[in-house]
Amino acid sequence: MPSLIVGNWKMNGLGDDVAEIAAMAGGNTGRAQLWVAPPFTLIDRAVIVSAGQIRIGGQDCHGAQAGAHTGCVSAMMLADLGAHFVIVGHSERRADCGESDADVRAKAGAAHAAGLEVILCVGETAVQRSEGQADAVVAGQLAGSLPDSAEGLIIAYEPVWAIGTGTVPTPDDVAAMHAVVRGALTARYGASGHGVRILYGGSVKPDNAAALLGAADVGGALVGGASLTAASLLAIAAAAG
Ligand code: PEP
């Protein structure tokens, strides 16, 4: 199965920056699939310039489809803009916005109901890892946040201590955690759990992508900082083979 490389632009990007997405769409000559989640404000323009070569998604959605939630964006609104997927449960939202596993589960369910694929993020902090709690934390996040259906579901394992730090786990550590995630998926969904793709995320760069993507049961990468330019994201896609 070709790797899936997903760019998360976070709160970065103005109108002119959609040119990077156009360049990504035109420049991906390898087997890897490229998806990009720009800020909400650029989704409609990104859908146009990606010309069907790159799938565009949101970085969050609300757990309800409409209502009195000032400043929030629903999954139905994202789908209406032409988005294909949404990221839920990113550690920055869990930390900045106090999102709980139950919130994440509601968002994932709302996204599925709107026809979007879901990238559900889990991962432990440095303290949790140093205390030997990493596996239990990730398993607990999955237990509390997995939606009803494994269809259209992707998990991103993103150790919090690796995000934006330049520090990455060893490929063996990634493989070990992906095995924990796979176990939780098959326990929850049965055989369907084998079909859920698991991404690694956290300081993936062109020079470490091949090693991280080569670890067992790594189906691709969720990429933050290195996804902001076409040159960098395309180099990661090329490393993915
Ligand atoms: C992320 O925030 O999902 C991420 C992986 O960021 P970075 O690649 O910058 O560590």
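Helices and strands here are DSSP runs, numbered from the N terminus, with at least four residues for a helix and at least two for a strand. The model is predicted, so let's work through it with that in mind.

**Exercise 1.** Find where Ser-203 and Lys-10 sit in the chain, and what is notable about the phi of each.

*Solution.* Start with Ser-203: its place is the loop that links strand E7 (197-201) and helix H9 (209-213). Next, read its backbone: phi is positive, about 60°, although Ser-203 is not a glycine. Now turn to Lys-10, which is found in the loop between strand E1 (4-8) and helix H1 (18-27). Its phi is near 50°, again a positive value in a residue other than glycine.

**Exercise 2.** Describe the surroundings of the ligand, going from the shell to individual polar contacts.

*Solution.* First, take the shell: there are 14 residues around the ligand, and those that come nearest are Lys-10, His-90, Glu-158, Gly-164 and Ser-203. Second, sort the shell by class, which gives four nonpolar, eight polar and two charged residues. Third, look for polar pairs, using a cut-off of 3.5 Å between N or O atoms. A polar side-chain atom of Lys-10 is 2.5 Å from a ligand oxygen. For His-90, an N or O atom of the side chain lies 2.8 Å from an oxygen atom of the ligand. Gly-225 takes part through its backbone, with a polar atom 2.9 Å from a ligand oxygen. Finally, check the cover: the ligand taken alone exposes 300 Å², and the protein buries 97% of that.

**Exercise 3.** Work out how helices H7 and H8 pack, and which residues make the contact.

*Solution.* Begin with geometry: H7 (residues 134-145) and H8 (residues 171-189) pack at about 35°, and their axes are 10 Å apart. The crossing of H7 and H8 is right-handed. Then list the partners: H7 brings Ala-134, Asp-135, Val-138, Leu-142 and Ala-143, while H8 brings Met-177, Val-180, Val-181, Ala-184 and Arg-188. To finish, classify them: the contact has eight nonpolar, no polar and two charged residues.

Technical notes: Residues numbered from 1 in each chain as written. Predicted model: local features only at pLDDT ≥ 70, side-chain atom pairs only at ≥ 80, totals over all residues. Heavy atoms only, no water. Near = heavy atom within 4 Å. Polar contact = N/O pair within 3.5 Å; in protein donor to acceptor, adjacent residues only side chain to side chain. Areas by Shrake-Rupley, 256 points an atom, 1.4 Å probe, with all protein chains shown as cover. Nonpolar A, V, L, I, M, F, W, Y, C, P; charged D, E, K, R; others polar. Axes fitted to C-alpha atoms, helices over the stretch in contact; angles between N-to-C directions. Left-handed = near helix turned anticlockwise from the far one by under 90°. Contact = heavy atoms within 4.5 Å.
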